[in-house]
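Open the model in your viewer and show side chains as sticks. This tour follows charged pairs, one selection at a time.

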Amino acid sequence: MLMRPVDLVSHKAKTGIAHRALKPLLGIVDPLNTRSMPSQVKSSSGLDVLCHSLESWTAIPYSERVPRPTNPILRPAYQGANPISDIFSFEALKLTVKYLPRSVHNPDDAEAQEKMLLAATLAGVGFGNAGVHLCHGLSYPISGMNKGYKHAGYEVDHPIIPHGVSVAVTAPQVFRFTGPTNPDRHLAAAEVFGVDISNAKAESAGEILGDAVAEFLVKLGDQPRGISQLGFTREDIPALVEGTLPQARVLMLAPNFQKDDDQKREDLARILEQSLTY
Ligand SMILES: [Fe+2]
């Protein structure tokens, strides 16, 4: 199954569409295609890969996703983390953490570009089967309600918050929020970023991964340090929350989020508030 994002400009909405009938006949994975990408396009695309891998790795387990299909054949592509998707998602995470900074900082590093394309492909299999959650759910209104931000390196004649930028900007806070649901997975991911987790406490797992992601973003460079640098203020948060809530396909996979709508609103508002600046 293939998922494509669409912009509905009249509604200031962006979302993904997915269907069993949307299947690619052929995928061309050729690192030569990325050779001339500006470094900011490399980093934005690579941060999308980072979030695909982290979100699918930390999505709720497939055995907990509701409503349950009446028959396994009816299981959706976005079914929650499972033993097969885990292998792809975690390997993609390792490759991205290792090679994304190299591919962004050195345009001649062909090996890093090749590995990033492999990471993107592996993460695609991982999240295509497990799904993504809050970073992506929040990214759609962030991109769709853009008030005029234009990311450097994008030669377009209109404002643009690239998809990868919009997913990564809330990532530190998202993983602080999801940490308590599965500390082992959050710590395992933090270790990939080079954090020594030998004495880490389970209750700090979200904080540790959130910090590791934030540091990675800062070192990568060219990234907004929070949604305020994208032009949003505290007053925009209620609209961003309302724009996130309809993203049911991804929100139902979010850990720590099986709640009623009022509680979901509160959680989303807190994540966005804490993502204003970091
Ligand atoms: Fe994405």
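Select K259. It is partly exposed (between 20% and 50% relative accessible area, 1.4 Å probe, protein chains only), with a relative accessible area of 26%. Now add D267. At 6%, D267 is buried, a term for under 20%. The two side chains form a salt bridge, 2.5 Å from N to O. The term salt bridge means a side-chain nitrogen of Lys or Arg within 4 Å of a carboxyl oxygen of Asp or Glu.

A note on what you see: this is a predicted model, where local features need pLDDT of at least 70, side-chain atom pairs count only at pLDDT 80 or more, and totals for chains, interfaces and linings use all residues. Residues are numbered from 1 along each chain as its sequence is written, and side-chain values use heavy atoms, with hydrogens and water left out.

Next, select R102, D109 and E111. Salt bridges with shared partners join these residues into one network. Zoom in on R102 and E111: their closest N and O atoms are 2.7 Å apart. R102 has 31% relative accessibility, so it counts as partly exposed. E111 is also partly exposed, at 40%.

Move on to K147 and D236. Their side chains meet in a salt bridge, 2.7 Å from N to O. This pair links distant parts of the chain, 89 residues apart. K147 lies in the loop between α4 (134-144) and α5 (163-168). D236 lies in the loop between α8 (205-220) and α9 (237-244). Helices here are DSSP runs (H or I, at least four residues), numbered from the N terminus. Which partner is buried and which is exposed? K147 is exposed (over 50%), at 52%. D236 is buried, at 17%.

To finish, show every salt bridge: the structure holds 13.

Notes. Helices (H or I, at least four residues) and strands (E, at least two) are DSSP runs, numbered from the N terminus.
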